[in-house]
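Open the model in your viewer and keep the selection box handy. We'll hop from one spot to the next, with a note on what to look for at each stop.

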Amino acid sequence: MARDMDSMMRDMDRLFDSVFTSKGSGPAMDVVRTKDEYRLSLDVAGYRAEDLGAYMEDHVLHVKGEPHKEDEDGRRYIVRERRHGGFERSLTLPEDADEERMSACLKDGLLTLVLPRRAKEEPRRIEVSLGK
């Protein structure tokens with residue numbers, strides 16, 4: 001029985017991994033699933049909150065960033081390794097992600113989006129009676 005449960009859990013993890021598909025290029029992103037929510041974290045150091053945006057379309061989350069252009073006072077970079085351009089990432093969400101209650105927060109260069117998970121509906125049992 002335990003072996004069957006382990007196998008089922010591995011199958012569910014594979015299914016979950018196939019649902020969360022990401023497209024686009026941009027900052028590194030982590031996706032964590034708990035029993036209550038999905039938490040997405042993106043490294044966006046150097047971006048301000050007003051430089052970032054997120055929107056939903058057809059159960060796909062889109063995250064965009066366009067850095068604020070500052071006057072560089074004639075400076076010329078010798079080495080520039082940090083990301084400095086815009087980006088867009090798209091992520092297909094699983095069915096139980098509650099898009100209506102999604103929140104986003106930028107703190108210390110980390111953009112965190114939280115999507116609560118909807119409770120799974122239990123099948124409704126219908127009692128069968130004898131016909132008259």
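Start by selecting Arg 118: with a relative accessible area of 41%, it is partly exposed, a label for anything between buried (under 20% relative accessible area) and exposed (over 50%), computed with a 1.4 Å probe on protein chains only. Now add Asp 98, which counts as buried at 10% relative accessibility. The two side chains meet in a salt bridge, 3.7 Å from N to O; the term asks for a side-chain nitrogen of Lys or Arg within 4 Å of a carboxyl oxygen of Asp or Glu. This pair links distant parts of the chain, with Arg 118 in the segment after S8 and Asp 98 in the loop between S6 and S7, 20 residues apart.

A word on ground rules: this is a predicted model, where local features need pLDDT of at least 70 and side-chain atom pairs count only at pLDDT 80 or more, while totals for chains, interfaces and linings use all residues. Residues are numbered from 1 along each chain as its sequence is written, and side-chain values use heavy atoms, with hydrogens and water left out.

**Next selection: Arg 48, Glu 50 and Asp 51**

How many salt bridges does a search of the whole structure find? The search gives 7. Arg 48, Glu 50 and Asp 51 are linked in a network of them. Measure from Arg 48 to Glu 50 and the closest N and O atoms should come out 3.3 Å apart; for Arg 48 to Asp 51, the closest N and O atoms are 3.3 Å apart. Then colour by accessibility: Glu 50 is exposed at 59%, Arg 48 is partly exposed at 34%, and Asp 51 is buried at 9%.

**Switch to cartoon**

Zoom out for the overall layout. The protein chain has 1 helix and 8 strands, in the pattern α-β-β-β-β-β-β-β-β along the sequence. Helices (H or I, at least four residues) and strands (E, at least two) are DSSP runs, numbered from the N terminus. Buried residues make up 27% of the 132 residues. Of the contacts (heavy atoms within 4.5 Å) with a separation of 6 or more, 58% are between residues 24 or more positions apart.

**Select S2, S3, S8 and S7**

These 4 strands form an open sheet in the order S2-S3-S8-S7, with antiparallel pairing; strands pair if DSSP finds at least two bridges between them. At the edges sit S2 (29-33) and S7 (103-107), each pairing on one side only. The twist averages 15° from one strand to the next, using axes that are lines fitted to C-alpha atoms and angles that run from 0 to 180 degrees between N-to-C directions.

Zoom in on S2 and S3. A hairpin joins them through 3 residues, and 5 bridges hold the antiparallel pair together. Show Arg 33, which stands opposite Tyr 38, then Val 32, whose bridge partner is Arg 39.

**Into the core**

Which residues have the most contacts inside the largest nonpolar core? Select Leu 40, Leu 42, Val 44, Val 63 and Leu 111, out of 16 residues in that core. Strands S3 (37-43), S5 (60-65), S6 (87-92) and S8 (110-116) each supply at least two of its residues. The term covers buried Ala, Val, Leu, Ile, Met, Phe, Trp, Tyr and Cys residues joined through side-chain atoms within 4.5 Å.

Centre on Val 44 next. Leaving aside residues up to four places away in sequence, Val 44 touches several others, including Pro 27, Leu 52, Phe 87, Leu 106 and Leu 111.

From there, pick Phe 87 and add Tyr 47: both are buried. The search of the whole structure finds 1 aromatic pair, and this is where to look: Tyr 47 and Phe 87 are edge-to-face, 5.4 Å centre to centre with 85° between the planes. Rings of Phe, Tyr and Trp (its six-membered ring) pair if their centres lie within 6.5 Å; planes under 30 degrees apart are stacked, over 60 edge-to-face, the rest tilted. Tyr 47 is in the loop between S3 and S4 (52-57) and Phe 87 in S6, so the pair ties together parts that are 40 residues apart in sequence.

**Last stop: two aspartates**

Select Asp 58, in the loop between S4 and S5. Its phi is positive, about 55°, although Asp 58 is not a glycine, and the residue is exposed at 74%. Finish on Asp 108, in the loop between S7 and S8, with a positive phi of about 55° and 76% relative accessibility, which counts as exposed. Most residues other than glycine have a negative phi.
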